[in-house]
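Me: I'm new to looking at protein models and I'd like to go slowly. Could you pick one spot, tell me what is around it, and then work outwards from there?

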Amino acid sequence: MHRPRDAEESTVDLLMAAARSMRRAFGEAMADWDITPGQARALRIVGELGSARPSVIAEHLRIAPRSATEVVDALEARSLVERVPDPSDRRATTIVPTAEGLRLDAELAQARRAVTEQRLAGLDPADRSELDRILRLLVEADRATG
């Protein structure tokens, strides 16, 4: 049966549309710094952890290790991260943020907050609190199973 286009959207449709809208807005904001969303997420992970092996970055980004290497290569080419010997295993390398990488990560975090506030400005405080609560439940359930 064909559903009319103006029929009520399902929860999954609404959630996916909201996620796409936020991802698009974040991507547009990151473009001001000539950085892809994936690179920005990797920089945030390295900044939060202080140092990370490429495999850890791949796990956090949920991408193949080879793809993580490409992301790290791009960040390193811009002097935002550097590879250093892993102190616990000199055969391995770890990725650490540079001072410039930390500075840019802070700017990107501010841009993400601004985009989020702009996109959610139409919600009153009670609705925003309820949205946060529900999203936290979903994220925690995902973390518990994955």
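**Starting from one residue**

Reply: Let's start at T98, which counts as buried because its relative accessibility is 16%, and the cut-off for buried is under 20%. Before going on, keep in mind that this is a predicted model. The protein chain has an average pLDDT of 91, and 94% of its residues score at least 70. Among the elements of the chain, helix 4 has the highest mean pLDDT, at 96, and helix 1 has the lowest, at 90. As a general caution, predicted coordinates should not be read in detail where pLDDT is low.

So where is T98? Look in the loop between strand 2 (89-97) and helix 5. If you set aside the neighbours within four places in sequence, T98 touches S79, L80, V81 and E82. Let's follow the trail to S79, which lies in the loop between helix 4 (65-77) and strand 1 (81-86). S79 has a phi near 60 degrees, and that is a positive value in a residue other than glycine. Is S79 buried, exposed or something in between? With a relative accessible area of 45%, S79 is partly exposed. That is because the partly exposed class sits between the 20% limit for buried and the 50% limit for exposed.

Now walk along strand 1 to D86, which has its place in that strand. D86 is a charged residue by type, and D86 is buried, with a relative accessible area of 9%. What does D86 touch, leaving aside its neighbours within four places in sequence? The contacts of D86 are R53, A92, T93 and T94.

Go back to T98 and take the other direction, into helix 5 (residues 99-120). Here you find L102, placed in helix 5. L102 is partly exposed, with a relative accessible area of 42%. Beyond its neighbours within four places in sequence, L102 is in contact with G47 and P97. You can also use L102 as a measuring post: its C-alpha is 32 Å from that of G122, which is 20 residues away in sequence.

Helix 5 has a partner to look at, too. The axes of helix 1 and helix 5 come within 10 Å and cross at roughly 140 degrees. Why call this pair oblique? An angle has to be over 145 degrees to count as roughly antiparallel, so helix 1 and helix 5 are oblique to each other. Their crossing is right-handed. On the helix 1 side, the residues that meet helix 5 are S21, M22, A25, F26, A29 and M30. On the helix 5 side, they are L108, A111, R112, V115, T116 and R119. Sort the residues of this contact by type and you get 8 nonpolar, 2 polar and 2 charged.

Helix 1 (11-31) leads into a loop before helix 2, and D34 is found in that loop. The phi of D34 is near 55 degrees, a positive value in a residue other than glycine. D34 counts as exposed because its relative accessibility is 62%, and exposed means over 50%.

Past that loop comes one more helix pair. Helix 2 (residues 37-49) and helix 3 (residues 54-61) have axes that come within 10 Å and cross at roughly 120 degrees. That makes helix 2 oblique to helix 3. The crossing of helix 2 and helix 3 is right-handed. From helix 2, the residues G38, R41, A42, I45, V46 and L49 meet V56, I57, H60 and L61 of helix 3. The residues of this contact divide into 7 nonpolar, 2 polar and 1 charged.

Let's end with one of those, L61, which is found in helix 3. L61 is buried, with a relative accessible area of 9%. Skipping neighbours within four places in sequence, L61 is in contact with G38, R41, A42 and I45. And to tie this back to the helix 1 side of the story, the C-alpha atoms of L61 and S21 are separated by 20 Å, while the two residues are 40 apart along the chain.

Note on methods: Residues numbered from 1 in each chain as written. Predicted model: local features only at pLDDT ≥ 70, side-chain atom pairs only at ≥ 80, totals over all residues. Heavy atoms only, no water. Axes fitted to C-alpha atoms, helices over the stretch in contact; angles between N-to-C directions. Helix = DSSP H or I, 4+ residues; strand = E, 2+ residues; numbered from the N terminus. Parallel < 35°, antiparallel > 145°, perpendicular 65-115°, else oblique. Left-handed = near helix turned anticlockwise from the far one by under 90°. Contact = heavy atoms within 4.5 Å. Buried < 20%, exposed > 50% of the residue type's maximum accessible area, 1.4 Å probe, protein only. pLDDT = per-residue confidence, 0-100.
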